[in-house]
Structure formats: structure tokens, C-alpha cells
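Open the model in your viewer and keep the sequence panel in sight. The stops below give a selection to make and then say what is there.

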Amino acid sequence: MPNNSTCRLQGRNLCCVRDDRVLFEELCFELSSGQVLLLEGENGSGKTSLLRILCGFREPDAGQVLWCGNAINDSLYYEEMAYVGHLNGVKKELTALENLKVSLALGQVGKYSITQALAKVQLADFDDALVQTLSAGQQRRLSLARLLITHNSLWILDEPFTSLDIQGITLIESLMTEHCNKGGMVVLTSHHDIALPSVDVQRMLLS
Amino acid sequence: MALFYAFIAIIRRDLLLAVRRRSEIANPLLFFILVITLFPLGIGAQPHLLQAIAPGIIWVSALLAAMLSLDSLFRSDFDDGSLEQILLSPYPASVLVLAKIIAHWLVTGLPLLIVAPLLAVLLGMPTQSIGVLLLTLLLGTPVLSLIGAIGVSLTVGLRRGGMILSLLVLPLYVPVLIFAGNAVEMAGSGLPVDAQINILISILCLSVVLAPWPTAAALKMSVN
């Protein structure tokens, strides 16, 4: 990953208003290489809205998001980020392999090959299975496998542990640790307690 | 080059999806055939009347079939989150959107072209105008997909966007309908149709260049 050490994600005085309700304002954070930002807060406190602002889907009502010092739309941000949201973003009528091939074509080649990534998320035997025959947890793993096959340094994960079993959660935690140790960054929301002992985790409470 | 691969990958994916859920191809095509075959039954034994209005019947049916198929353009991608992933790709969203529109046309527009000559014969259209009919469909149906994409991208986030979609899109379809219908009619009387065809070509070129931009922008708003 080029220039990884210098790149960082900054939020400056972010504010989000939804239906005349101020979800958060004057929100500032800075995330640099190797760090995890964990967003905490009740339902409806604006965690997902903040993530969608970070993805550029939503304009912040005030403030700005900076990547390496530039506004995200004027930088190489989209080559460096990957997002897994509430929706898995996989097509049910395609096989696991076909889904990942499309994801790979839409991004740049990353650290792992598709076969390696499927093995990592323990779906190696399911590459020819239609996604609609997979369980919810397996579909979740498949969408997380997308993070491994494409080149990216920032992962934005919205409730990544939803419908995963205990092994799945441990697996994703180990993937996040590995990613951060290689200089990556993770922003995530989670209701589960996460165990990332060797990683610098910043917690931000939205209320 | 990488952009070209992404473009091809989207077209391939959408064609594969269309093959896996066949109703997407069959629906507009069946609708097109059904509407056209109902006209002779409704009008009765008046072959001259039928022959006279054949270009209109075929084009109006093609237009409605295109309208009917529009919603499937972005709906499933919107519902399962694939659209977010397409928009987050480092490649320009407008190019990827164009790939989706092309795939959509191949699935819903091209089959109309294949059955149109048969239906034209059924309606008693003169032989010399069937070639022109095909040419107008070849030039016109992609325009329907391209213009329709703008409308769908604006309404895909709404729960009941169907009505608004037709109000938005149908007026924009009118020029295509006028020029294409007119060209087929003129060809039937043996008159030259270069002017109408040229206008259709220019409408197609304009919409290929101009439609993907607002579509991509509106999709970004819709996923918000």
C-alpha cells in the first residue's frame, strides 16, 4: 500500500440533521494508519448516518471529511476504501465466485486471490453455490470476503457481526487485527463487544 | 483498460442475472406481443384501417413495453446493496451506469426487434416499410432505455414511484415516437425517410452521451 503511513481520515466539525433532529454536531475525529474507530451509541444515534457520510453517500450538514488532507471527492479516497453496510451487496442469483469476480472487476486487485479469500472466510466449499442457498451468516462472510480481494486501506463496516456466529466474530476480529497490523484502518459500528487486544482502538460515543 | 473490464463485468453480470431470472426477458416481450395481437381482435375485419395504424400500434406497444421493464433496471441492485458498491467503485459511476443500461437494452429492447417483423406482417404492414420499422426500433429502443434510466434513478428510492416514473418519462419519449412512427408511415408510401432517421440517430447519440451523467447523480441521491 503506497503512502500508507501518511494517509489518514479526518472528520472536521461534522454535523448531521435528520428530520429537524440534530443527530450530532461539532464531531471531530482523526484516524491514522493501524487504528480502529469504534462508533458506539443507542439505536438512532446517528452511527449509520455518520458511516454514510464517510462513504460520501450523504453530505454532512456542516463540516467536512478529509482523506490525506483533501476533501474525499477530490482525492483517491474511493480507491482506498471499502464499505460493508447493512445490505450485503451480493446478488442472490449468482454464485459466490461470480459475485466476487464482479467485485474484483469494480475495484483493484488486492492482497488475496478469490480462492484465498473464500478459504479465509471459510466458504471454500461454497464457491459454486448460488448465494440464495447460503445462510444469512454465510452471505455476511461472503460480503466481508470482498474486503480481502480488493485493494483498500480503509474498511468502513456497519454492524459487521450481524448474523455471524461466535467463530465468525472471532474470524472477523482476526481479519481486522491483521488489516490494522499491515497499516490499514477500520471504522465500524457494533453492538457486540469487540476484542482487538493488539490494536489501537478509539471509541466514540454518539448520543 | 481496467475501466473497460469493469464495464464488461457489469454487462456480463446483468446478462447472467437476466438468464437466471427469465421473467425479466419474457415479461416485456410477452406484453409487446399480447398488446399487438389484441388490436386486430378489437378492430375487427378492417384490414385497411389496421394497415394504416400499424406503425403507431407497434411503436406505442414498444414504448409501453419499455416503460414496463424500466423498474427492473436498478430495483434489485438498490434493494440488495449492489448499487452502493457500484457507486463506491473508483471508476466513474456514469460509465458503469451506461453498462447497466446497455445490458438492460440487450435484455428488454433487443428481443422486441426480433419479433417485430412477424408482428408487422400480422398487421399487414407493407413489405418495404418493415426494414424501416426495424431500423427505427434499433435506433429508438436504446433511447427509451437511456431516457428511462434517468427517470428510474430518480424514483428508485421512492416506495411507489411507478406513477411518477411514467409522468416523468413518457413526455420525453414523445419525440422518439413521433419521428419513428412518421418514418415507418412514410416508408409505407414509398417516400424517403432520411430526415427522420437522421434525427433518430442524433437523438440516440445525444442520449448516449448525456443520459448516464444525470442517472449516476440521481442514483447517488437515491441511495442516501
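Select helix H1 of chain A, residues 47-55. In this predicted model, H1(A) lies across E1, E2 and strand E4 (62-67) of chain A, and its direction makes an angle of about 125 degrees with E1(A).

Now show the sheet under that helix. Four strands of chain A form an open sheet in the order E2-E1-E4-E5, with antiparallel pairing. Strand E2 (21-32) and strand E5 (70-71) of chain A are the edges; each has a single partner strand, so one side of each is left without a neighbour in the sheet.

Zoom in on E1(A), residues 8-18, together with E2(A). Eight antiparallel bridges join E1(A) and E2(A). To find the register, select A:Cys16, which stands opposite A:Phe24 in E2(A).

Two loop residues of this sheet deserve a stop. Most residues other than glycine have a negative phi. Select A:Asp20, in the loop between E1 and E2 of chain A. Its phi is positive, near 65 degrees, and A:Asp20 is not a glycine. Is A:Asp20 buried or exposed? A:Asp20 has 5 other C-beta atoms within 10 Å, and a residue with 12 or fewer is exposed, so A:Asp20 counts as exposed.

Then go to A:Cys68, in the loop between E4 and E5 of chain A. A:Cys68 is also not a glycine, and its phi is positive at about 50 degrees. A:Cys68 has 15 C-beta neighbours inside 10 Å; this falls between the limits of 12 for exposed and 20 for buried, so A:Cys68 is partly exposed.

Move on to the other sheet of chain A. Five strands form an open sheet in the order E6-E7-E8-E3-E9, and the pairing is parallel. The edges are E6 and strand E9 (200-206) of chain A, each of which pairs on one side only. On average, neighbouring strands here are turned by 15 degrees against each other, direction ignored.

Select E7(A), residues 154-158. How many of the five residues of E7(A) are buried? Five of the five are. A:Leu154, A:Ile156 and A:Asp158 are buried on one face, and A:Trp155 and A:Leu157 are buried on the other.

Add the two partners of E7(A). Strand E6 (residues 81-84) of chain A pairs with E7(A) in the parallel sense over four bridges, and A:Val84 has A:Leu157 as its bridge partner. With strand E8 (residues 185-189) of chain A, E7(A) makes five bridges, also parallel; here A:Trp155 stands opposite A:Val186.

Follow the sheet onward from E8(A). Strand E3 (residues 35-41) of chain A pairs with E8(A) in the parallel sense over four bridges, and A:Leu37 stands opposite A:Val187. Then select helix H5 of chain A, residues 136-149: H5(A) lies across E6 and E7 of chain A and runs at about 175 degrees to E6(A).

Now display both chains. The contact between them takes 21 residues from chain A and 20 residues from chain B. On the chain A side, helix H2 (77-80) and helix H3 (96-106) of chain A are the elements that give two or more residues. H3(A) provides the largest share, five residues. Coloured by class, the side of chain A that touches chain B shows 10 nonpolar, five polar and six charged residues.

In chain B, select helix H2, residues 23-43. Its 21 residues should span 30 Å at 1.5 Å a residue, and its end C-alpha atoms are 30 Å apart, which agrees. Buried residues of H2(B) include B:Pro28, B:Phe32, B:Ile36 and B:Phe39. They cover an arc of only 60 degrees around the axis, which puts them on the same side of H2(B). The cover over the buried residues includes helix H3 (47-70), helix H6 (93-108) and helix H7 (110-122) of chain B.

Rotate to the face of H2(B) turned away from its buried side: the exposed residues there are B:Ser23, B:Ala26, B:Leu34, B:Leu38, B:Leu41 and B:Gly42. Just after H2(B), B:Gly44 has a positive phi of about 90 degrees.

The last stop is B:Ala66, in helix H3 of chain B. With 28 C-beta neighbours inside 10 Å, B:Ala66 counts as buried. Beyond four places in sequence, the contacts of B:Ala66 are B:Thr108, B:Gly109, B:Thr141, B:Leu144, B:Ser145 and B:Gly148.

Terms used:
Residues are numbered from 1 along each chain as its sequence is written. Chains are lettered from A and ligands numbered from 1 in the order in which they are written. This is a predicted model: local features need pLDDT of at least 70, side-chain atom pairs count only at pLDDT 80 or more; totals for chains, interfaces and linings use all residues. Two strands pair if DSSP finds at least two bridges between them. Two residues are in contact if their C-beta atoms, placed from the backbone, lie within 7 Å. Axes are lines fitted to C-alpha atoms, for helices over the stretch in contact, and angles run from 0 to 180 degrees between N-to-C directions. Ala, Val, Leu, Ile, Met, Phe, Trp, Tyr, Cys and Pro count as nonpolar, Asp, Glu, Lys and Arg as charged, and the others, Gly among them, as polar. The expected span of a helix is 1.5 Å times one less than its number of residues. The arc is that of the directions from the helix axis to the C-beta atoms.
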